[in-house]
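Hi,

Here is the structure I promised to pass on. Have a look at it first, and my notes follow underneath.

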Amino acid sequence: GFEFWPEVSRDGKTIAYQSIRNPEQGNKLGDSFLFAQPLESEGQKTQLAARGINPTWSPDGSRLAFLRQSADIWDLWTVSAASGDEKQLSNRAVFAAYSILPYNRIGNWFYAWSPDASKIAFSSRATDESGMWVISVSDQKEERIAGNLDQFLYCPLWLPDSSGIAYVSWSPESPSAEKWSIWLAEFNANRFEAIFHGSSAM
């Protein structure tokens, strides 16, 4: 098999990754298996989930978020690192882009855990619900932070106190030469502001 997209837990003790049996058969990324393995030399790997990609540790190390394909969209799931119990969080067509052979992610990340591990921010390209969303891990309550069909939103990054996120916006149809922006959304202050504009990808 072919193993890639590793993610080390915050305590540095365990690595998660995905594995695909035959990467030479085109776009079969959705058939990947997710594994976790202790970084000690004699640690045994454990299968976390089947048909998943992009395992991402929660800050407290209790769960991993991942994507699972349903029809032509990517759904957001989590899995317990200890028990393997899975839970679907959202089916809003989470944005995920990558190249094929080699499988390289386009953008640094597709979604992001809040530092307190209570929420996940993600970008959706669903036709009627496109935008940046935040979802509660405990009760699946969702909130759209920003949305515009003329914009592509990428790479959410949480503030250290979990009070907001920064994210990248690309407006390909904009008449302005500065089609790229970085936005800051502070939830408690109800502040949504573009803090940077540029003409090239960031």
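In which sense do β5 and strand β6 (residues 63–70) pair, and over how many bridges? Keep in mind that this is a predicted model. The pairing is antiparallel, with three bridges joining β5 to β6. One contact to look up is T56, whose bridge partner in β6 is A65. The two strands make a hairpin with five residues between them, and in the turn G61 has a positive phi of about 75 degrees. As for β5 itself, five of its five residues are buried, so this strand is largely enclosed by the rest of the structure.

T56 turns up again at the largest pocket: among the 15 lining residues, T56 lies nearest the centre together with E7, W109, Y111 and A112. β5 (53–57), β9 (111–113) and β13 (152–158) are the elements that each give two or more residues to that lining. The pocket holds about 300 Å³ of space, and its lining splits into nine nonpolar, three polar and three charged residues.

β9 also belongs to an open sheet of four strands, in the order β9-β10-β11-β12 with antiparallel pairing. Its edge strands are β9 and β12 (142–146), each pairing on one side only. On average, neighbouring strands in this sheet are turned by 20 degrees against each other, ignoring direction. In the middle of that order, β10 (residues 119–124) and β11 (residues 131–136) are joined by six bridges in the antiparallel sense; A121, for instance, has V134 of β11 as its bridge partner.

Cheers

Conventions
Residues numbered from 1 in each chain as written. Predicted model: local features only at pLDDT ≥ 70, side-chain atom pairs only at ≥ 80, totals over all residues. Heavy atoms only, no water. 1 Å grid on protein atoms, 1.4 Å probe; cavity = no way out; pocket = protein on both sides within 12 Å on 5 of 7 lines; lining within 4 Å. Points joined across faces, edges and corners; volume = space filled by probe spheres on them. Nonpolar A, V, L, I, M, F, W, Y, C, P; charged D, E, K, R; others polar. Pairing = 2+ DSSP bridges. Axes fitted to C-alpha atoms, helices over the stretch in contact; angles between N-to-C directions. Buried < 20%, exposed > 50% of the residue type's maximum accessible area, 1.4 Å probe, protein only.
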